[in-house]
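Got your viewer open? Here is a short walk through the model, with a selection to make at each stop.

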Amino acid sequence: MSGTLFTILLTVYTVFGLLLYELRWFVWIDELVSLAIAGYACYAIWKHRVPQYKPLLILLGIEAFYLAYSFLIHSNVQVAILNDFVMQSKPYMTFFGLMCLKPQLEQKHMSFMAMSCIVCTAAMGVIYYFYPHNVEGTFSGELLTGAAFSSTAVLVAALFYLSCEKDNALVRTATILIMSIGLLAPTSKYMGSLLCSILIIAFVAQPLKVNIRYIVLGFIVFVAIAWAAWDDFILYFMEDTEYNARPVLYMHMPDILNDYFPFGSGFASYANAASGTWYSPLYEKYGMENIWGLTEGETLFISDTYYPTLAQFGYVGIALFIAFIWYIFDCMNKAYGELHDIKRYKVALIIVSFVLIEATSSSFINERCITAMMILVMSLYKYQPKRQVHIDMFGLKYIQFDKPQTQPKPNNDEHTDN
């Protein structure tokens with residue numbers, strides 16, 4: 001995949017899939033982009049244009065199995081199963097599709113992305129001016145309301161940090177400032193992501209290891225996240241747990257895992273939008289049909305959190321989700337071993353922490369997951385940007401593009417592109 005095509009795709013999606021998404025003009029843009037990436041990757045495999053395709057084929061095999069399994073056990077009506085199949089698959093299709101295609105990014109592409117992030121940051125300020133977040137909640141037709149504003153700030157900042165050629169104090173400070181614009185409309189999830197990101201940017205100087213430094217850092221992160229999310233934790237999990245949708249979804253998760261051992265209850269059956277639009281029989285089966293937000297016709301909170309959705313895929317699905325996170329960390333370590341670029345490692349760590357925190361809501365499979373997966377993939381593979389070579393001839397400097405520049409030994413204060 002050419003770097004120019006990927007840059008255009010990411011830029012267009014940032015505008016219409018993040019900044020303008022709440023206008024509901026392009027509600028299918030995230031599904032279309034993920035399917036297009038996976039489809040293009042499959043075409044490249046068929047044409048023998050990509051060497052590394054096993055992970056994508058494994059993913060497609062797993063998804064095909066769960067799709068057939070859902071039809072076989074009649075987890076819901078067919079249209080609901082297909083709808084949820086697309087929704088649940090899009091982050092994985094985006095990630096493994098791009099890991100297969102590996103866009104050939106050059107420094108000019110990265111510089112363009114960095115500039116576009118600055119423009120997006122300014123646009124977020126303008127949006128907030130016209131749509132101040134005086135009340136909680138996400139409202140259709142209003143730009144970046146609810147958690148969308150602060151989550152977008154994290155993603156734009158992560159992309160800016162990755163796109164900058166250097167990793168110096170100025171770049172790190174600018175990254176944190178861009179991310180901090182989310183304080184205009186903070187949520188507990190955002191505060192957790194912000195604190196994690198600041199600690200990662202400031203203190204991670206090498207890949208994570210089990211030692212005193214990172215044990216202490218991990219404890220600080222845990223305490224900081226707990227402090228930021230304490231009020232929401234009390235609200236959702238301590239008060240009226242029998243009548244609050246989010247804890248009820250968690251409470252019945254073990255029942256579904258055990259009753260539908262080992263592959264779960266299937267697509268569109270539990271804790272997602274499709275199971276509410278085409279009301280799943282599981283809610284009545286487990287006595288949840290009278291819970292506020294889970295009632296048929298008024299399923300306001302039925303997709304309020306992602307982790308209970310894993311009950312659809314059983315113990316095997318939970319193991320696969322853990323394996324996915326493990327695979328990402330393995331790719332992070334391999335990429336650092338090849339590139340010795342700690343900045344890319346830190347960006348990947350920021351995105352992983354963002355994904356795991358956002359998954360406490362439905363954000364892992366919403367429109368923002370596409371951007372998160374794109375940024376994550378950009379930090380996990382080796383690409384060779386073309387460098388401008390200056391030739392000094394009789395006092396005149398010429399620019400030559402054909403000959404690549406010999407890469408200096410990387411260090412923590414320099415962006416390395418191999």
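**Stop one: the aromatics**

Start by selecting Phe65, Tyr66, Tyr69, Phe85, Phe263, Phe267 and Phe313, which together form one aromatic cluster. Keep in mind as you go that this is a predicted model. Across the structure there are 25 aromatic pairs. For a single example, pick Phe96 and Phe324, a tilted pair with 5.8 Å from centre to centre and 50° between the planes. This pair ties together distant parts of the chain: Phe96 belongs to helix α4 and Phe324 to helix α14, 228 residues apart. Phe96 and Phe324 are both buried.

While Phe85 is still on screen, add Ser89, which is found in helix α4. The Ser89 side chain reaches the backbone oxygen of Phe85 at 2.6 Å. Is Ser89 buried or exposed? Ser89 counts as buried because its relative accessibility is 2%, and the cut-off for buried is under 20%.

**Stop two: a small void**

Now go back to Phe324 and turn on cavities. The structure holds 2 cavities of 30 Å³ or more, and the one to visit here is the second largest, with a volume of about 30 Å³. Which residues line the second largest cavity? Select Phe324, Ile325, Ile328, Ile351, Val352, Val355, Met373 and Leu376. Colour by helix and you'll see that α14, α15 and α16 (368–378) each supply at least two residues of this lining. Colour by residue type instead, and the lining comes out as 8 nonpolar, no polar and no charged.

**Stop three: the loop between α14 and α15**

Stay with these helices and zoom in on the loop that joins α14 (314–339) to α15 (342–358), where Asp341 lies. Asp341 has 2% relative accessibility, so it counts as buried. Draw a C-alpha to C-alpha distance from Asp341 to Gln206: these residues are 135 apart in sequence and 9.2 Å apart in space.

His340 sits in this loop between α14 and α15 too. With a relative accessibility of 40%, His340 counts as partly exposed. Check the backbone of His340 as well: its phi is near 55°, a positive value in a residue other than glycine. Most residues other than glycine have a negative phi.

**Stop four: two more backbone spots**

Next, select Lys102, in the loop between α4 (78–101) and α5 (107–130). What is phi of Lys102 near? Phi there is near 45°, again a positive value in a residue other than glycine. Lys102 counts as partly exposed, because its relative accessibility is 24%.

Then move to Pro262, in the loop between α11 (253–259) and α12 (273–277). Show the backbone from Phe261 to Pro262: this peptide bond is cis, with omega near 0°. Most peptide bonds are trans.

**Last stop: lysines over rings**

Finish with two side-chain pairs. Select Trp46 and Lys47 to find Lys47 over the face of Trp46, 4.7 Å from the ring centre. Then select Tyr161 and Lys343, where the charged end of Lys343 sits over the ring of Tyr161, 5.6 Å from its centre.

How values were computed
Residues are numbered from 1 along each chain as its sequence is written. This is a predicted model: local features need pLDDT of at least 70, side-chain atom pairs count only at pLDDT 80 or more; totals for chains, interfaces and linings use all residues. Side-chain values use heavy atoms; hydrogens and water are left out. Helices (H or I, at least four residues) and strands (E, at least two) are DSSP runs, numbered from the N terminus. Buried means under 20% relative accessible area, exposed over 50%, partly exposed in between (1.4 Å probe, protein chains only). On a 1 Å grid over the protein atoms alone, a cavity is a set of points where a 1.4 Å probe fits but cannot get out, and a pocket is an open set with protein on both sides within 12 Å along at least five of seven lines; lining residues have an atom within 4 Å of a point. Grid points are joined across faces, edges and corners, and a volume is the space filled by probe spheres set on the points. Ala, Val, Leu, Ile, Met, Phe, Trp, Tyr, Cys and Pro count as nonpolar, Asp, Glu, Lys and Arg as charged, and the others, Gly among them, as polar. Rings of Phe, Tyr and Trp (its six-membered ring) pair if their centres lie within 6.5 Å; planes under 30 degrees apart count as stacked, over 60 as edge-to-face and the rest as tilted. A charge sits over a ring if NZ of Lys or CZ of Arg is within 6 Å of the ring centre and within 35 degrees of the ring normal. A polar contact is a pair of N or O atoms within 3.5 Å; within protein, one must be able to donate a hydrogen and the other to accept it, and residues adjacent in sequence count only if both atoms are side-chain atoms.
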